[in-house]
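Me: Please give a close account of one helix in this structure, covering how it packs against a neighbouring helix and how its residues are placed.

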Amino acid sequence: MSKICFIAHRGYSGRYLMNTEEAFIKAVEHGSGGIETDVRVTKDGVLVLSHDDDLLYEDGTRLNVENSTYEELKSKPLRNPLSDTKLYVCTFERYLEICRDGNVICFIEFKGEFTDEMTKKAFNMAKEIYSLDMCEMQSGSYDNLLRTRKAFPELKIMITAGRDCPWEVLERCVKDGFDLDMDYRGITDEIIELFRKNNLKVALWTANSKEGLDFCVSKNPEFIESDFFSSEKGE
């Protein structure tokens, strides 16, 4: 059995606010092999990190990422029920710095449709700050995958797939040389074999219970994403 790399899903998000500097730093401190994050583009073209379309603030208000400037988004602290730290929207640049300093793998998921310009901006930044060898681009949008492959043919690219991903989409990924990041509840030995025999990697998301983690480990993927860590088993 090969060694599995555990990826901190949105940082150490089981204990700290997801997609924030604190969650990323704590993931490194706790020995994560990599960190996954969600990248969006602000109204003025800044790459920031948020899973959702909107950011929720300490005062209960919300701002939509793509319809707000970076200055607007960082003007007040985020709602943080998990620690006493005052946290603000994190930039993609800061995420890369933390990953570089911790020498961990970057799982970088594009949320929404990225233009050629923003795709190049993101991975030129990754190349300058860290290394493309340590990055894996992800998206549920096939257009994003193709756009990134065209601009950065050397970059590892991975589709983000739900549990009901059609077989024809999986076959297309294999044909195009894309790795797989799949909801672990949809994985089968047949799917793993499809990617393995084509020298492509498999990641499983997001296993937070002991049963889920044990199941993922039994499938021996290259990567397992979790809000916690393997030693915790989602306790």
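Reply: In this predicted model, the contact between the two helices is made by D116, T119, K120 and F123 in α4, which meet R147, T148 and A151 in α5. The residues of this contact divide into three charged, two polar and two nonpolar.

Two packed helices are described by the angle between their axes and the distance between the axes. For α4 (residues 116-129) and α5 (residues 142-151), the axes come within 10 Å and cross at roughly 60°. Since angles of 65 to 115 degrees would count as roughly perpendicular and those under 35 as roughly parallel, α4 and α5 are therefore oblique to each other. Their crossing is right-handed.

Within α5, the buried residues are Y142, N144, L145 and T148. Viewed down the axis of α5, these buried residues fall within an arc of 160°, so they line one face of the helix. An α-helix has 3.6 residues a turn, so residues three or four places apart point the same way. The cover over the buried residues of α5 includes the helices α4 and α6 (167-176), together with the strands β6 (105-110), β7 (135-139) and β8 (156-161). T148 thus appears both among the buried residues of α5 and in the contact with α4.

R147, also in helix α5, has a relative accessibility of 21% and counts as partly exposed, because buried means under 20%. Apart from neighbours within four places in sequence, R147 is in contact with E113, F114, T115, D116 and T119; of these, D116 and T119 belong to the α4 side of the helix contact. By contrast, Y70 lies 77 residues from R147 in sequence and 25 Å from R147 in space, C-alpha to C-alpha.

Methods
Residues are numbered from 1 along each chain as its sequence is written. This is a predicted model: local features need pLDDT of at least 70, side-chain atom pairs count only at pLDDT 80 or more; totals for chains, interfaces and linings use all residues. Side-chain values use heavy atoms; hydrogens and water are left out. Axes are lines fitted to C-alpha atoms, for helices over the stretch in contact, and angles run from 0 to 180 degrees between N-to-C directions. Helices (H or I, at least four residues) and strands (E, at least two) are DSSP runs, numbered from the N terminus. Angles under 35 degrees count as roughly parallel, over 145 as roughly antiparallel, 65 to 115 as roughly perpendicular and the rest as oblique. A crossing is left-handed if the near helix is turned anticlockwise from the far one by less than a right angle, and right-handed if clockwise. Contact means heavy atoms within 4.5 Å. Ala, Val, Leu, Ile, Met, Phe, Trp, Tyr, Cys and Pro count as nonpolar, Asp, Glu, Lys and Arg as charged, and the others, Gly among them, as polar. Buried means under 20% relative accessible area, exposed over 50%, partly exposed in between (1.4 Å probe, protein chains only). The arc is that of the directions from the helix axis to the C-beta atoms.
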